[in-house]
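Me: Please take one residue of this structure and look at it closely, then work outwards to what surrounds it. I would like the cut-offs stated as you go.

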Amino acid sequence: MSAKNLFADEPAVHDAFFAVWNKIRSIYTEAELEVFEETVVIKDNNRPFCWIWAPAPGNDTYGDCPIVVSFGLDYKVQPHRLCRCVQAAPDRWMYHCGIEKGLGLCDTVLSLIDRAHKDKVDETS
């Protein structure tokens, strides 16, 4: 299944996903995506650094955000107002950031995704 097909039935989710994907692809030109069930994984050098998914119907954790962008960091930062942070391991924090309709990625979330990307690139060096 392609990302286009995954979100085809939900125009707001489809538009938000492609706005985020196009922004990420403009920064990380070698990035690729892979679709798993209801999640899109974004990888660079075959290393996943970002996940995009749509909250389940009725899930109001992220307000009316059509999609959520998730990424991991090895340190904790103050989350953005629509972000949730979960300690996945003693030295790993997962961030789940709701992306508001029409706004795309804010500079704060972009900088965190950049750090997650750099962490993954550093792992392969």
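**One residue and its setting**

Reply: Lys 43 counts as buried, because its relative accessibility is 16%, where buried means under 20% relative accessible area, exposed over 50% and partly exposed in between, computed with a 1.4 Å probe on protein chains only. The model is a predicted one, in which local features need pLDDT of at least 70 and side-chain atom pairs count only at pLDDT 80 or more, while totals for chains, interfaces and linings use all residues. Residues are numbered from 1 along each chain as its sequence is written, and side-chain values use heavy atoms, with hydrogens and water left out.

Lys 43 belongs to strand β2, which covers residues 39-44; helices (H or I, at least four residues) and strands (E, at least two) are DSSP runs numbered from the N terminus. Once neighbours within four places in sequence are set aside, Lys 43 is in contact (heavy atoms within 4.5 Å) with Glu 30, Ala 31, Glu 32, Glu 34, Pro 48 and Phe 49. Two of these partners deserve a closer look, Glu 34 and Pro 48.

The side chains of Lys 43 and Glu 34 meet in a salt bridge, with 2.3 Å from N to O; the term requires a side-chain nitrogen of Lys or Arg within 4 Å of a carboxyl oxygen of Asp or Glu. In general, side chains of opposite charge can pair when their charged atoms come close. Glu 34 counts as partly exposed, because its relative accessibility is 29%, whereas Lys 43, at 16%, counts as buried.

Pro 48 stands opposite Lys 43 and lies in β3. Strand β3 spans residues 47-53 and is joined to β2 by 6 bridges, the two strands running antiparallel; strands pair if DSSP finds at least two bridges between them.

Seen from further back, the open sheet has 6 strands in the order β1-β2-β3-β4-β6-β5, with antiparallel pairing. Its edge strands are β1 (32-36) and β5, each of which pairs on one side only. From one strand to the next the twist averages 25 degrees, with axes taken as lines fitted to C-alpha atoms, for helices over the stretch in contact, and angles running from 0 to 180 degrees between N-to-C directions. Helix α2, residues 11-27, lies across β1, β2, β3, β4 (67-73) and β6, and runs at about 35 degrees to β4. Towards the β5 edge, β5 (residues 83-89) and β6 (residues 92-99) run antiparallel and are joined by 6 bridges, forming a hairpin with 2 residues between the strands; Ala 89 has Arg 92 in β6 as its bridge partner.

The salt bridge of Lys 43 can be set beside the others, since a search of the whole structure finds 3. Asp 114 forms one with Lys 118, the closest N and O atoms being 2.6 Å apart, and both residues lie in helix α3 (residues 107-124), 4 residues apart, about one turn of the helix. Asp 119 forms another with Arg 115, at 2.7 Å between the closest N and O atoms, again with both residues in α3 and 4 residues apart. In this second helical pair Asp 119 counts as buried at 9% relative accessibility, while Arg 115 is partly exposed with a relative accessible area of 30%. In the pair of Asp 114 and Lys 118, Asp 114 is partly exposed at 23%, and Lys 118 likewise counts as partly exposed at 39%.
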